[in-house]
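Student: I'm new to this structure and would like a close look at a single part of it. Could you pick one strand and walk me outward from there?

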Amino acid sequence: MHFVVCAKQIPDPETPPSAFKIDESKNEVVPAPGISPVLSQFDAIAAEAALRIKEASGDAKITVVSLGQESAQAAIKQVLAMGADEGLLLDDPAFLGGDSYATARTLAAAVEKLGDVDAVFCGRQAADWDMGQVGLGVATLLGWPAAIIAKDVQIADGQMTAQRVMPDGFETVQMPLPAVVTVSNELGDPRYPKLQQIMQAARKTVTKWGAADLDLDPSTVGAAGSRLKLERLFIPQVSGEVELIEGDTAQEQAAGLVAKLREAKIL
Amino acid sequence: MARNVLVVGELDGGEVDSTTAELLAAGSRVADGGSVSVTLLGSQAGAAAASAFAAGAQRAFVGADGAYDEFRPDQWTQAVSASVEQSSAEVVLMAQSSVGRDLGPRLAFGLDSAVAMDCIAVADDGGTLTVTRPCYGGNANATYSFATSPAIATVRAKSQDPLPPQAGASGETVELPAAGESRSTIAGRELAVAEGLQLQEAPIVVSGGRGLGGPEGFEMMEEFAATIGRDKAAVGASRAACDLGWYPVSQQVGLTGKVVTPDLYVAIAISGASQHMAGCSGSKTIIAVNRDPDANIFNASRWGIVGDYKDVVPALIEALKE
């Protein structure tokens, strides 16, 4: 079997809000000084889901694919170190500035070119734009079935079985391969690579494909092919000033807070 | 500029749910004289049409096949695509629910257009439809316009105000065909919800975070909620606390959990990471207890206590009993 894991490099979502800055003239996030970009955590969990199946079945190859610039090699190498077999970087000036549509179109073309893919694993959403639609976009463009927000994924007998996180519990869905699944944090923590794996991954060659390799017309990808036009990116205003309730003891503070809440008729 | 709008409804028994009513209000606003239609799917869809008309719909596309009662993405996508075509919809709105998260992208890519997910504003900006949505875990908001039609948006619950209900309003009903093929099958379901008052319906939510230090901290949260009243307060948790296994996933508040909008949100030992705030920032009043006076949660709070929750919460419980 051949699995593809989609991996995206993003600004570290643990960046403290005070260090988060936007250049409103360019509608861009200003990289926080001294904070390196990271592999989107949900993508690491998607890799974990694929690796668990590979280990259980014994005969699967995992290709990690990232759409990004040279710096996205770090995200690819991280998934290689976790245990993926091959890396593929989709890097072309034509790919820059794409929306979810352009991204899904490029990834779907790569999956098609790989040719023998049985399943694609994505994170439930990238922790930068938080859209949560690229996995379903890849599935729809390829004509494959898909399940989203899974906390468990099994593959056997040509079927994918995914346990979806629902508002009131879990739902188990089955679909024939090839299929796409997006994975949520409820699956569990992704593994930490061992030092030896990190060193091996560093030596692996990552294949690079551009628009021409994928037979993609540059006007259909990247910023040119995007359908959502970003008009404005801004930091929302937070409401009012907090009033900290003082007191010599926790009892005094608690009594003060309860009095405020009763006065405002909230309690 | 007049636009035809289609809202994908979701049912609560024999009526449209409250989010559908909010979407119909937003849809009526941006239709600006264009038509406002709703798609209703499920065995109760015919009965629910009246409530959709009362909430602002002029026409209902009704698929009363019982196969629609459970959300199977292929069947719903087909039915909604057919409604988009028949209503010549230029704008499609649906909830950012488990249905909308799944349906929105499938519909957009299937119709060769685009969707913006989890929007909190839908506006007519000088003749151009724009949507605004939080991103970067809630640190930023992004406003988009659409280069393709229809413009599709999933909209966050409680972000829009419903219209005053028009009792007795009527409209046209158009029948949709029976459900088509589904490539996926639902093999099972497991309910995992807290008993009693549900998180999203509670007027008061008491949430605990990683700073509680362990699952036993949540016993104190439950005692706190019970002191306020079991019919008023429910207990929530941050993603960090759920991922550590301290509290059930069904009670997770945040971007990837539940979005709650209670009258009072009590954040105990929660730092206030943006992805958590995305789930509670719509609360009327937020209060916080945290050891760190610089914790981000205080930036969003009306009142706060700087201190160890192990001292403060028992004191709050005692003060409430007085």
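What follows is one long answer that starts from a strand of chain B and works outward.

Tutor: Happy to. Keep in mind that this is a predicted model. For chain B the mean pLDDT is 95, and 100% of its residues reach 70 or more. The complex comes with an ipTM of 0.94 and a pTM of 0.93 from the predictor.

Let's zoom in on strand 6 of chain B, residues 91–95. Is this strand covered or open? Mostly covered: five of its five residues are buried. Now look at the two faces of strand 6. B:Val91, B:Leu93 and B:Ala95 sit on one side, B:Val92 and B:Met94 sit on the other, and all are buried. That split fits a general habit: in a regular strand the side chains alternate between the two faces of the sheet.

Next, which strands pair with strand 6 of chain B? One is strand 1 of chain B, residues 5–8, in the parallel sense over three bridges. Here B:Val7 stands opposite B:Leu93. Another is strand 11 of chain B, again in the parallel sense, over five bridges. In that pairing B:Leu93 faces B:Ala153. In general, strands of a sheet pair through backbone hydrogen bonds, either parallel or antiparallel.

B:Leu93 turns up again when you look at the nonpolar core. The largest one has 198 residues, and B:Leu93 is among those that touch the most other members, along with A:Val5, A:Phe121, A:Val181 and B:Ala52. Nonpolar side chains tend to be buried together in soluble globular proteins. Over in chain A, the contacts of A:Val181 include A:Ala119, A:Phe121, A:Ala146 and A:Met160, leaving aside residues up to four places away in sequence.

B:Ala52, also on that core list, leads us to helix 2 of chain B. This helix covers residues 45–54, and eight of its 10 residues are buried. B:Ala52 is one of them, and so are B:Ala45 and B:Phe53. What do the buried residues of helix 2 pack against? Their partners in chain B are helix 1 and strands 2, 3, 4, 5 and 12. After helix 2 comes B:Gly56, with a positive phi near 125°.

Now go back to strand 11 of chain B, the one that pairs with strand 6 over five bridges, and look at the loops on either side. The loop between strand 10 (140–146) and strand 11 holds B:Pro150. The peptide bond from B:Ser149 to B:Pro150 is cis, with omega near 0°. Most residues other than glycine have a negative phi, and most peptide bonds are trans. In the loop between strand 11 and strand 12 of chain B you will find B:Ser170. Buried or exposed? B:Ser170 counts as exposed because it has 11 C-beta neighbours inside 10 Å. Its C-alpha atom is 33 Å from that of B:Gly282, which is 112 residues away along the chain.

Let's step back to chain B as a whole. It has eight helices and 18 strands, and its C-alpha trace spans about 60 × 45 × 40 Å along the principal axes. A compact globule of 322 residues would have a radius of gyration near 20 Å, so the 21 Å of chain B agrees with that. Of its residues, 59% count as buried. Among contacts between residues at least 6 apart in sequence, 65% join residues at least 24 apart.

Finally, how does chain B meet chain A? The contact takes 68 residues from chain B and 63 residues from chain A. On the chain B side, helix 4 (residues 98–110) gives the most, with eight residues. By class, that side has 32 nonpolar, 23 polar and 13 charged residues. The chains also share a sheet: an open one of six strands, in the order 15(A)-18(B)-17(B)-16(B)-14(B)-15(B), with parallel pairing. Its edge strands are strand 15 of chain A and strand 15 of chain B, and each pairs on one side only. Where the chains join in this sheet, two bridges link strand 15 of chain A to strand 18 of chain B, and A:Glu243 stands opposite B:Trp303. Further along the sheet, strands 16 and 17 of chain B pair in the parallel sense over five bridges, with B:Ala288 as the bridge partner of B:Ala267.

Technical notes
Residues numbered from 1 in each chain as written. Chains lettered and ligands numbered in written order. Predicted model: local features only at pLDDT ≥ 70, side-chain atom pairs only at ≥ 80, totals over all residues. Helix = DSSP H or I, 4+ residues; strand = E, 2+ residues; numbered from the N terminus. Rg over C-alpha atoms; globule rule 2.2 N^0.38 Å. Buried ≥ 20, exposed ≤ 12 C-beta atoms within 10 Å, placed from the backbone. Contact = placed C-beta atoms within 7 Å. Core = buried A, V, L, I, M, F, W, Y, C linked by C-beta atoms within 7 Å. Pairing = 2+ DSSP bridges. Nonpolar A, V, L, I, M, F, W, Y, C, P; charged D, E, K, R; others polar. pLDDT = per-residue confidence, 0-100.
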